[in-house]
Amino acid sequence: MANRTDPLAKTVHGTNPQFLLEKILRNRIYNNPYWKGDCFGLTAEGLAEKAMELKNFGGTYGGNRKPTHFMCLVLKMLQIQPEREIVHEFIKNEEHRYVRMLGAFYLRLVGKPQEIYNLLEPLYVDWRKVRKKVESGGSQITHVDEFIDELLHANYSCDVVLPFLPKRYTLEQQELLPGPRRSMLEDLEDLSGTEDNGDDDDDADDRRGADQRRSDDRSRSRSTAREKEERQQRGRRDRDEDEDRRSSPNNGRRDEERSRRRRDDNSRERDEESRDRRRRDDRDRDSRRDSRERDEESRDRRRRDDDRDRDRDRDNDRDRDRDRRDRDRDRDYRDRDRDRDRRDRDRDRDRDRRSRSRSRENRRDRGRDRDQDRDRERRRRRDSRSRSRSRDRDSDDRRDRKRSRSAEVERNRSDKGEDETSRDNKKAKHQEDEASTSNVAHGEEEEKNPREEGELAA
């Protein structure tokens, strides 16, 4: 709220009055303690009091480019937009130099060309010294008329880009201004010429010599030669007059005519000298203006170069930071990939080790199973051979028993009757049948056991 423009303020040059100052300069003023403490809630009356307390003027100074109090008050005037009569009173104030300069700078920002020329050109006669705050932080002695000339002819003043101001001759051609500006120095010279009109020629020579010493070297040499020639002509004319006076002392009319001619010659010479002086002054002013413009262009060029170098350094720093971040990110990716590859290798190595150990265990188990099958087969064969031998023995025993039993039966048959013989035969036959049945069952069991052992081995 404290930095907003007055709602009743009018636009200047089609924009907000505060926008006549650059944004970076406005932000520096907004953050300045003088703006926050002394410029808060100022009115036109309080602004005049603060302006009378100024000790210098300028734009920004120091390494961090702090704004001056003068520039803070300029922004405050743009914010509250005082009445034009108050600004005119600021410019007409002859007691306080910085109040006049503050009003002139504000008028140069917001005024119209005709008003600017009419109000600022009379300030050329103000030759008072003022202090200007320079960029290094020190002060520089200058004059009010130099500041006014900078406002009228320069495009850049106090670190502020001034609005466009048409040339004076353009406004003269458009009849917005009267004829060429007449310097007060010329009026003073004319006044001094009329006062010294009755003096002798020596005083005129001294005056011309004093004026001639204020000119530059080339003009001094040319004017010195011209004065010498004029002095010789004047001496010859004076000698002729003396001779005429001695020859005809009573000819007063001729003396008056000669004196009038001499006065006309003197006035013509003064006019020529004044015109030459005006030309020299204009030439010197133009040269000073050109030098100031060149200095401003060089400062602007240096400022642009500094800004370009600063931007380039900032871009380089940003690129280096981005490259560093990219390298760090790539390094992290490589480390992560390396760790993942290492884990994969370790996992594959463990898997291969487990598979090899499992294969060794399987081979060992297969070898053990094979040995067990071999032992089992060997035992089976041994058991089968022993069973076959025992079966042969059993069959022999059975035959012997049968043979003995049959012999016994025959003996008993002989002893007993035929009934007993038949009964014994049936019984023996029955026993033989049981024996054959048991042998068949025992053989099937032996065949079944090797088949199961083969299936287990497979």
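In the predicted model, Leu-165 touches Arg-108, Pro-113, Ile-116, Tyr-117, Leu-151 and Leu-152, residues up to four places away in sequence not being counted. Leu-165 is found in the loop between β6 (160–161) and α9 (168–173). With a relative accessible area of 10%, this residue is buried, because buried status requires a value under 20%. A further spatial relation concerns Ala-154, which is 11 residues from Leu-165 in sequence; the two C-alpha atoms are 9.2 Å apart.

One of the residues touched by Leu-165 is Arg-108, and residues 97–110 make up helix α6. The helix has 14 residues, which at 1.5 Å a residue should span 20 Å. The end C-alpha atoms of α6 are 20 Å apart, in agreement with that expectation. Of the 14 residues in α6, 13 are buried, and the helix is thus described as mostly covered.

Helix α4 comprises residues 69–80 and contains Gln-79. Gln-79 has a relative accessibility of 5% and counts as buried. Gln-79 and Ala-9 are 70 residues apart along the chain, yet a separation of 7.9 Å is found between their C-alpha atoms.

Strand pairing was examined for β3 (residues 129–133) and β4 (residues 139–143), which pair in the antiparallel sense over 5 bridges. Within this pairing, Lys-129 has His-143 as its bridge partner in β4, and Arg-131 is partnered by Ile-141. The two strands form a hairpin with 5 residues between them. Gly-137, in the turn of this hairpin, has a positive phi of about 105°.

Positive phi values also occur outside glycine. Most residues other than glycine have a negative phi. Cys-158, which is not a glycine, has a positive phi of about 55°. Its place is in the loop between β5 (156–157) and β6, and Cys-158 counts as buried at 7% relative accessibility. Glu-175 is likewise a residue other than glycine with a positive phi, here near 60°. Glu-175 lies in the loop between α9 and α10 (184–195). In contrast to the buried Cys-158, Glu-175 is exposed, with a relative accessible area of 71%.

A search of the whole structure for disulfides returned 0. Cys-39 is in no disulfide; the nearest cysteine sulfur belongs to Cys-72 and is 5.4 Å away. That distance does not qualify, because a disulfide requires cysteine sulfur atoms within 2.5 Å. Cys-39 is buried, with a relative accessible area of 0%.

For the protein chain as a whole, 14 helices and 6 strands were assigned. The chain has 458 residues, and buried residues make up 28% of them. The exposed area of the chain is about 31300 Å², of which carbon and sulfur atoms supply 44%. Among the contacts with a separation of 6 or more, 65% are accounted for by residues 24 or more positions apart.

Confidence was considered both over the chain and by segment. The mean pLDDT of the protein chain is 77, and 74% of the residues reach 70 or more. Two segments have low values. Over residues 197–204, pLDDT stays under 50, and the model has 5 contacts beyond four places in sequence for this segment. Over residues 212–222, pLDDT also stays under 50; here the model has 11 contacts beyond four places in sequence.

Definitions and conventions. Residues numbered from 1 in each chain as written. Predicted model: local features only at pLDDT ≥ 70, side-chain atom pairs only at ≥ 80, totals over all residues. Heavy atoms only, no water. pLDDT = per-residue confidence, 0-100. Contact = heavy atoms within 4.5 Å. Pairing = 2+ DSSP bridges. Helix = DSSP H or I, 4+ residues; strand = E, 2+ residues; numbered from the N terminus. Buried < 20%, exposed > 50% of the residue type's maximum accessible area, 1.4 Å probe, protein only. Areas by Shrake-Rupley, 256 points an atom, 1.4 Å probe, with all protein chains shown as cover. Expected span 1.5 Å × (residues − 1).
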